[in-house]
Amino acid sequence: MTNRKSAEAGVNVGVDIGKEYLDFHIHERDVYWRSDNTPDGIRYSLNRISRYQVARLVMEATGRYELLLADAAFERKMPVVIANPRAIRRYAGAVEQLAKTDKLDAALIAEFAARIQPKPSRSQSKNLREIRDLLARRRQLMNMRTRELNRQSIMGDGVLASTYRRLIKQLDKEVEWVDQKLNAAIEKESAWDEKKALLKSVPGVGDVLVHTLLGDLPELGTLNNKQIAALTGVAPMNRDSGKLRGKRRIRGGRSTVRVVLYMATVSATLCNPAIKAHYQNLVAQGKHKKVAITACMRKMITILNAMVRDGEPWAA
């Protein structure tokens with residue numbers, strides 16, 4: 001029944017992405033072929049796919065290798081799905097597919113598309129992709145800087161102290177350069193001007209959080225409170241079975257957003273009256289400080305979501 005309905009709605013195409021090759025499989029037709037991961041190879045494959053009514057063209061997010069195909073498919077207005085590799089691996093475990101080849105992976109992705117029917121992804125402009133790349137690079141540089149600071153504190157003022165100082169100074173310059181590029185790229189997104197002004201009106205919200213929300217959480221303002229908390233990864237998840245009532249823990253979501261939101265929330269517990277009062281109330285009730293911070297993170301993201309949704313600035 002599912003296959004018949006899928007066939008009526010269109011075919012589901014799975015693509016296994018490689019650095020040099022792309023492996024395609026059409027689920028409803030059981031058709032497989034391989035092409036080069038080059039403009040010519042992609043043009044040939046998309047021409048072949050366009051003979052069908054396409055319900056979904058699904059590929060895994062590899063970091064970079066899928067971008068050439070995704071951009072070309074978006075230009076042709078195809079329903080592109082850039083899927084989380086973890087979701088496809090879990091599906092493979094559920095159907096007990098242990099063998100792994102490029103051809104089998106393409107067929108598995110096509111089957112995943114037909115059975116799970118994931119929603120199409122949003123097309124990203126080159127500028128938006130540059131923003132996300134710059135955000136990722138800034139996180140990398142800050143992680144390297146933190147590691148060097150930790151090494152410096154362990155080693156003390158010995159013979160190696162100067163090497164740590166030089167490297168930390170150079171990393172600071174790199175972060176400054178990335179921040180300049182990031183500000184310039186975000187200025188090009190004129191549609192974000194109103195959102196930026198709204199977000200920056202909140203005490204405790206700085207440029208780093210604003211840039212991260214705009215670049216890595218474009219759904220902000222379009223979802224309800226529960227959905228945005230779950231997407232950020234600050235919604236408590238149940239773990240109950242029978243009479244057992246397990247601890248509620250946060251899990252999943254976008255870790256890149258959650259890490260920056262954590263730091264902003266810690267700052268907000270000192271300078272934002274609403275978050276500060278909420279935090280102090282939870283601690284007074286006997287909540288662990290980390291639990292209280294997590295609850296404040298959830299409150300913070302729901303406030304920001306409501307502000308963007310309603311187009312209203314911060315009001316204490």
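1. A disulfide is taken here as a pair of cysteine sulfur atoms within 2.5 Å, and by that criterion a search of the whole structure, which is a predicted model, returns zero disulfides. The sulfur of C271 has its closest cysteine sulfur in C296, at 12 Å, which is too far for a bond. C296 is likewise in no disulfide, the nearest cysteine sulfur being that of C271. The surroundings of the two residues may be set side by side: C271 is partly exposed, with a relative accessible area of 41%, whereas C296 is buried, at a relative accessible area of 0%.

2. As a general background to the next two points, nonpolar side chains in soluble globular proteins tend to be buried together. In this model the largest nonpolar core has 45 residues, and those with the most contacts inside it are L199, L209, L213, L220, M300, I301 and L304. At least two residues of this core come from each of α6 (126-155), α7 (161-188), α9 (207-216), α10 (225-232), α11 (255-271), α12 (273-284) and α13 (289-310). Of the contributors, α13 gives the most, with eleven residues.

3. L209 deserves a separate remark, as one of the residues with the most contacts inside the largest core. When residues up to four places away in sequence are not counted, L209 touches V260, L261, A264 and L304. Apart from the core to which L209 belongs, there is a second, separate core of 20 residues, which includes I17, A73, F74 and V80.

4. Two helix pairs can be described in parallel terms, since two packed helices are described by the angle between their axes and the distance between the axes. The first pair is α10 and α13, which pack at an angle of about 125° with their axes 9 Å apart. These two helices are therefore oblique to each other, and the crossing of α10 and α13 is right-handed. On the α10 side the meeting residues are N225, I228, A229 and T232, and on the α13 side they are R298, I301, T302, N305 and R309. I301 of this interface is also among the residues with the most contacts inside the largest nonpolar core.

5. The second pair is α6 and α9, whose axes lie 9 Å apart at a packing angle of about 135°. α6 and α9 are therefore oblique to each other, while their crossing is left-handed. In α6 the residues concerned are L128, I131, R132, L135, R138 and R139, and they meet V208, H211, T212, G215 and D216 in α9. Both α6 and α9 are also on the list of helices that each supply at least two residues of the largest core.

6. Two backbone values merit a check by eye, given that most residues other than glycine have a negative phi. D30, although not a glycine, has a positive phi of about 55°, and D30 is found in the loop between β2 (21-26) and β3 (31-36). With a relative accessibility of 60%, D30 counts as exposed.

7. The other case is Q117, where phi is near 55°, again a positive value in a residue other than glycine. Q117 is placed in the loop between α5 (102-116) and α6, and with a relative accessible area of 42% Q117 is partly exposed.

Technical notes. Residues are numbered from 1 along each chain as its sequence is written. This is a predicted model: local features need pLDDT of at least 70, side-chain atom pairs count only at pLDDT 80 or more; totals for chains, interfaces and linings use all residues. Side-chain values use heavy atoms; hydrogens and water are left out. A nonpolar core is a set of buried Ala, Val, Leu, Ile, Met, Phe, Trp, Tyr and Cys residues joined through side-chain atoms within 4.5 Å. Buried means under 20% relative accessible area, exposed over 50%, partly exposed in between (1.4 Å probe, protein chains only). Helices (H or I, at least four residues) and strands (E, at least two) are DSSP runs, numbered from the N terminus. Contact means heavy atoms within 4.5 Å. Axes are lines fitted to C-alpha atoms, for helices over the stretch in contact, and angles run from 0 to 180 degrees between N-to-C directions. Angles under 35 degrees count as roughly parallel, over 145 as roughly antiparallel, 65 to 115 as roughly perpendicular and the rest as oblique. A crossing is left-handed if the near helix is turned anticlockwise from the far one by less than a right angle, and right-handed if clockwise.
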